[in-house]
Amino acid sequence: MLCGYIRRVTSETGDPLSGLTDPVRRLLAEPPVMEPKLLELRAIWPRLTPVQSMMADALRMCMITWDPLELHSPRPAAFGTVNTGPLELAVYLPFWSPAEQGTTIVALLSAVASAAVATAAARHPAVTSGRYPQLVWQGAAPDLLSDLTSGAALGLAAIELVSPGWEDIGLGAIADIVQQAFGPVELDRSMVELTAGYHPGCPACQGSRFGFPAELAEATDTMCRSHRSEAQKVIRGRMNRAKASNAEGWAALSDASARLGRSHLPNGLATKLANADEAMYVTPEPRELASRARLVIEAASWFPGRPQDLAIALGEDPAMAVLLPDWLMNLVLQLGRVGLGAEAIAVAEALSRVDPENAAIFYGDVAVALAEGGLAEDARARVADNLARWPGDLWVRIHAGDAIAALGDRVGAWAHFEAALAMAEEAGDLPGRSDVMERIISLEPRSGAETSSESDAQHQSTRPPQPVVRYQQRKRQSRAQRKGRR
Ligand SMILES: [Zn+2]
């Protein structure tokens, strides 16, 4: 079972694991890519100055399988920050970064560790005093990892294992990574001790102290009434102070903590797809769309039959993620419009495996996409295939009309829309009927000049993208209708 969640690290350019010794090598060869995990490692250099040596002792370096800020694209190759009490250089390397930087894991780990130690040693008074994160945030000191060559003089470090295996990413790692990106958030994480009491069974009355925030929040349910309200007041107070200290950082911290327990895309894919919803407002270049299509196909391959989990992994709110995101539902049509017919087909196939229930929609879009991309013969063949496969599907029939209309064949399109109208009326599908009527009206000739087939084809090809909102509504309606009939 676990094997399904593990994908071996490979590289076309050579062995990404070269230079690593067992057991680090063994653990990094099979990272649990679908789970938010970290592996703590140590770097060892042959010669260091006393200050460098102090910083090397304070280095806590982790490989991570999940970047808590994956949706804040673009992201650096690695991130690090300083904590005090005790002193700690907390450094995180997403495990896909070495491949993206075109280097081996050991080379990038060594560069990252060396840069952190050299940068911190060069400014050790600010680092040890605890002012460093604030100075970095103000631009008055360099980020620990802004220059990955800054520790080159230390030489190549040997990498050893600290944690015995991959461990869960927790609030500590999330807080470090947020601090690097958004500056310090002043969340008081000291132990909480509540006032004395006399209720047997209440952990606070027994005099227990609670870790903050997780332990206290968990214990609240078992407390007596007065301790419950006291605990809630402490939680609210600390949360409000944290928010007041850095609203943006606090929002990022809350969001990442909430996303920790949800489904994730592996290999940094979520970051690469994070800005894809901009395509709803600006049509991307064909090259960008082609690369997006490849990423979508890779992402989809991890979620067969799980459209909701894919939507959540792409950053949708779980309460709203009934459907795949709008930009993804429109990708097939967009690919067609820029002439990427093969990519449109491949994306439709991939999305149909994720969401088989909506395969008719994706393949209906393929017909329109091929027609709008000028691939007339392929479009007609796809229309015929779709009608044979889903003879009773209203939207397959409507999209058959859309595709034929996009080819400039009014009469052919008309026939499909008439058939669709009859289907909608028979099913008592009023919204479907009005969608069909809208299309039939848009086929009506408006003036003498517009009836010529040339300007007609032009009109069709410059037709603005269908409003996405309607796309979504129609799916919701059809789902609700199916439910109603059962
Ligand atoms: Zn109590």
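Which residue just after H17 takes a positive phi? In this predicted model, the residue is Gly374, with a phi of about 80°. The helix that precedes Gly374 is described below, after an outline of the chain.

The chain has 486 residues, of which 41% are buried. Its secondary structure consists of 23 helices and 8 strands. Among contacts with a separation of 6 or more, 69% join residues that lie 24 or more positions apart along the chain.

Helix H17 covers residues 359–372. At 1.5 Å a residue, its 14 residues should span 20 Å, and the end C-alpha atoms are indeed 20 Å apart, so expectation and model agree. Burial extends to 14 of the 14 residues of H17, and the helix is therefore largely enclosed by the rest of the structure.

Helix H20, residues 410–427, presents a further case. An expected span of 26 Å follows from 1.5 Å a residue over its 18 residues, and the 25 Å between its end C-alpha atoms agrees with this. The buried residues of H20 are Ala413, His416, Phe417, Ala420, Leu421, Met423 and Ala424. Viewed down the axis of H20, these buried residues fall within an arc of 165°, so they line one face of the helix. In general, an α-helix has 3.6 residues a turn, so residues three or four places apart point the same way. The buried residues of H20 pack against helix H19 (394–406) and helix H21 (430–443). Val411 and Glu426, on the other side of H20, are exposed. After H20 comes Gly428, which has a positive phi near 65°.

A packed pair of helices is formed by H7 (residues 171–182) and H10 (residues 247–260), whose axes are 10 Å apart and meet at an angle of about 145°. The crossing of H7 and H10 is right-handed. From H7, the contact involves Leu171, Ile174, Ala175, Val178, Ala181 and Phe182. Their partners in H10 are Glu248, Gly249, Ala252, Leu253, Ala256, Ser257 and Leu260. By character, the residues of this contact of H7 with H10 comprise 10 nonpolar, 2 polar and 1 charged.

The loop between H10 and helix H11 (269–272) contains Asn267. Although Asn267 is not a glycine, its phi is positive, at about 60°. Asn267 has 22 other C-beta atoms within 10 Å and therefore counts as buried, the cut-off being 20 or more.

Cis peptide bonds were also identified. One links Asp22 to Pro23, with omega near 0°; Pro23 belongs to the segment before helix H1 (24–29). Another runs from Phe212 to Pro213, again with omega near 0°. Pro213 is located in the loop between strand E8 (209–210) and helix H8 (214–219).

The segment before H1 also holds Asp15. Asp15 has 14 C-beta neighbours inside 10 Å and so counts as partly exposed. Although 88 residues separate Asp15 and Thr103 along the chain, their C-alpha atoms are separated by 9.6 Å.

Technical notes: Residues numbered from 1 in each chain as written. Predicted model: local features only at pLDDT ≥ 70, side-chain atom pairs only at ≥ 80, totals over all residues. Helix = DSSP H or I, 4+ residues; strand = E, 2+ residues; numbered from the N terminus. Expected span 1.5 Å × (residues − 1). Buried ≥ 20, exposed ≤ 12 C-beta atoms within 10 Å, placed from the backbone. Contact = placed C-beta atoms within 7 Å. Arc of directions from axis to C-beta. Axes fitted to C-alpha atoms, helices over the stretch in contact; angles between N-to-C directions. Left-handed = near helix turned anticlockwise from the far one by under 90°. Nonpolar A, V, L, I, M, F, W, Y, C, P; charged D, E, K, R; others polar.
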